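Take a walk through this model, from a single side chain out to its aromatic pairs and a pocket.

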Amino acid sequence: MTLETFARAGDGLLCRIGSETLTLTPLGDGAIRVRATRNRAFDDDLPSGLLDPPPEARGARAEIDGDTATVTNGRLRAVARRVPRGLHPTVELSFADTETGEVLLKEEMPHILFPDTRHYAAEEGALWRIETCFAAHEGERFHGLGQHQHGRFDQKGCVIDLVQMNTEVVIPFLVSSRGYGLIWNAPGTGRVELAENRTRWVLDAAPQLDYVVLAGPAPADILRRYAGLTGHPPMMPDWAMGFWQCKLRYATQDEVLAVAREHKRRGHPIDVLVIDFFNWTKGGEWRIDPDAFPDPAGMVRALEEMGITPMISVWPAVNANAENFAEMRDAGFLIEHRRGVQASSVFLDAHSEGRMPLSFYDATNPEARAYHWARVRDGYGRHGFRAFWLDANEPEVYPTHPDNMRYHAGAGRAVYNAYPALHQQGYAEHMEADGIGDGLMLSRSAWLGSQRHPVVVWSGDVHSTFADLARQIRAGLNMAMSGIPWWTTDIGGFKGGDIRDPAFHELLIRWFQFGVFCPVFRLHGFRQDSEGDPRLGRDFRAGGAANEVWSFGPEVERHLAACLHLRERLRPYIRDQMRRTHETGLPPMRPLLVDFPDDPGAAGIDDQLMFGDALLVAPVLEHGARERGVYLPHGCDWRDLRDSAIHAGGRRVVAPAPLEHMPVFVRTDVEPPLTERFDPTGRA
């Protein structure tokens with residue numbers, strides 16, 4: 001009897017070769033999911049970035065012809081071939097565009113004998129170290145994969161570690177210039193090697209391989225299909241579209257209210273005021289400190305009467321001396337460790353002497369998420385807070401040791417990267433259940449599907465330098481290509497800005513100008529004061545120096561205030577773009593190649609961005625620069641918002657960039673809705 005390699009499974013395929021089981025399942029519009037394992041069955045409880053249930057395909061079909069089988073779904077066709085390779089036969093996969101016939105992605109065996117295109121090396125229990133290899137193509141460009149600080153937009157040639165860390169956000173979704181996207185639907189740690197000779201994806205320890213290929217052909221098509229599979233973003237609350245004021249740190253209720261009142265006295269627009277860490281009693285008790293904030297409900301009411309929404313920092317860390325530590329430990333609500341003591345990190349905490357051992361609640365456990373939210377609701381929510389800063393939620397483990405962590409959902413290396421998305425899911429579900437309809441989260445990390453929750457991701461604790469500003473542009477563009485629409489940075493950088501330094505003043509002005517055109521406009525930083533307290537900007541307990549728009553002198557305040565008023569004039573346009581983002585999944589801040597896929601000149605631009613469909617933004621990224629080159633894509637004319645000069649598309653211009661102005665151009669065929677005549681300097 002001859003055993004068949006292929007069998008139909010609905011409108012997909014089931015393949016068995018040796019000890020490997022492989023399935024091809026069509027999903028949604030033009031997507032095909034691949035799962036493979038050498039275990040007896042797939043682990044369906046593993047965290048997934050796909051909607052549950054994932055959208056079904058319509059009109060897909062599977063066909064078997066001897067040693068070849070295909071699955072066709074819209075514009076994408078997967079071909080599975082049983083072929084002799086090395087010492088035994090294997091099944092190799094390729095994916096093609098059904099309209100052009102072009103092969104988009106193809107598995108490739110690294111050597112004529114060993115290993116296979118999908119290689120398994122045994123780890124403990126049901127876990128495997130899994131590699132899968134694809135052919136490389138000259139000139140192919142890769143974008144997405146979350147947020148990384150290597151300073152590159154095109155990630156061809158890079159090795160990307162798939163491990164959540166501060167400033168490094170793992171969204172394992174890749175967009176290729178060949179017209180396809182790939183969702184690496186694996187929550188475990190690993191890496192991807194985008195080499196000149198081969199593309200290789202690696203899982204450190206996982207029960208199975210799981211990825212989805214999406215057809216294009218254009219980047220916008222891929223991003224829309226990604227949102228269809230992993231979730232559309234909600235509509236951003238109107239209160240979140242203006243200016244967010246933040247610093248490390250406002251230590252008392254009086255300080256918070258004084259800053260808010262001074263903003264109003266000076267006539268500076270402000271929508272959100274953020275209260276950073278150590279506002280609590282002890283980490284893990286999740287209640288506001290009554291000594292520093294004696295009337296939090298009154299503070300919230302006072303802020304809201306001024307038109308300001310307060311946001312408060314809530315960490316997932318639990319101090320070993322917190323009143324509920326033992327209760328959470330005994331209930332299994334903390335991330336456990338395979339070796340050593342029950343501590344994921346050693347760091348400072350409120351009301352504690354020196355550094356303290358901290359654990360993290362286990363966000364992969366639904367019961368732990370419910371327990372955590374109940375504490376947050378009672379400690380913060382009952383006072384009126386509906387905006388939460390989910391900091392340190394990678395989780396921030398020092399040293400980073402996923403191999404030593406044990407979650408409710410499984411071994412650390414198998415599930416580590418999904419933690420932030422599950423943490424966010426807990427907030428989103430419980431806020432909705434408690435009737436908080438316009439709640440929002442600010443998060444330092446994310447994963448596949450995070451965008452379907454009301455989550456703003458920011459780029460973490462970056463330095464206050466022009467080089468870091470330039471890196472954030474490219475990081476933000478790749479986050480857009482990862483399907484994350486609500487993204488921002490610490491304006492001015494988090495670490496190293498001296499409030500009396502003229503060089504920092506110029507950086508701050510340029511970062512503010514860029515921040516106006518980010519999805520969220522937020523000032524934050526751990527500032528130094530060279531002539532004040534030497535601890536400021538160096539000692540977390542002391543907090544940082546002043547970080548309000550008037551803290552840097554009247555001349556700087558004039559420039560920053562212009563940015564604040566400019567953002568206000570953009571609100572109708574931002575609201576319109578956020579509505580489109582909600583409907584389509586397209587991020588409001590995005591690279592030029594999304595809007596101009598047929599312009600080869602736009603493909604490589606990594607220091608400009610589109611803010612919505614009308615505005616082209618060219619941040620100034622060098623100290624002392626008073627002009628910069630700007631590429632204007634073809635297909636339309638462009639109006640310079642500084643002097644209203646009209647420029648033809650498809651060419652590069654040198655744009656003036658005096659300190660009070662960052663080059664911004666508007667498409668002449670798309671007029672953005674504004675509150676009044678648009679002036680890029682912020683003047684009325």
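What follows covers a buried arginine, the aromatic pairs and the largest pocket of a predicted model.

Start at Arg-522. This residue sits in strand β33, residues 521–523. Its relative accessible area is 0%, so Arg-522 is buried. The side chains of Arg-522 and Asp-490 share a polar contact of 2.6 Å. Beyond its neighbours within four places in sequence, Arg-522 is in contact with several residues, including Trp-244, Trp-389, Trp-458 and Asp-490.

Now turn to the aromatic rings. The model holds 31 aromatic pairs. One of them joins Phe-347 and Phe-540, edge-to-face, at 5.7 Å centre to centre with 65° between the planes. Phe-347 belongs to strand β24 and Phe-540 to the loop between β34 and α10, so this pair ties together parts 193 residues apart in sequence. Phe-347 counts as buried, because its relative accessibility of 18% is under 20%. Phe-540, at 25%, is partly exposed. Both residues belong to one aromatic cluster, with Trp-280, Trp-315 and Phe-494 among its other members.

A second pair, Phe-596 and Trp-638, is tilted: 5.8 Å centre to centre, 55° between the planes. Phe-596 lies in the loop between α11 and α12, and Trp-638 in strand β39, 42 residues apart. Phe-596 is buried at 7% relative accessibility. Trp-638 is buried too, at 0%.

Finish at the largest pocket. Its space comes to about 550 Å³. The pocket is lined by 25 residues, and those closest to its centre are Leu-46, Pro-47, Ser-48, Leu-50 and Asp-52. Two or more lining residues come from each of β4 and α7. The largest share, three residues, is from α7. By class, the lining has 11 nonpolar, six polar and eight charged residues.

Notes. Residues numbered from 1 in each chain as written. Predicted model: local features only at pLDDT ≥ 70, side-chain atom pairs only at ≥ 80, totals over all residues. Heavy atoms only, no water. Helix = DSSP H or I, 4+ residues; strand = E, 2+ residues; numbered from the N terminus. Buried < 20%, exposed > 50% of the residue type's maximum accessible area, 1.4 Å probe, protein only. Polar contact = N/O pair within 3.5 Å; in protein donor to acceptor, adjacent residues only side chain to side chain. Contact = heavy atoms within 4.5 Å. 1 Å grid on protein atoms, 1.4 Å probe; cavity = no way out; pocket = protein on both sides within 12 Å on 5 of 7 lines; lining within 4 Å. Points joined across faces, edges and corners; volume = space filled by probe spheres on them. Nonpolar A, V, L, I, M, F, W, Y, C, P; charged D, E, K, R; others polar. Phe/Tyr/Trp six-rings, centres within 6.5 Å; stacked < 30°, edge-to-face > 60°.
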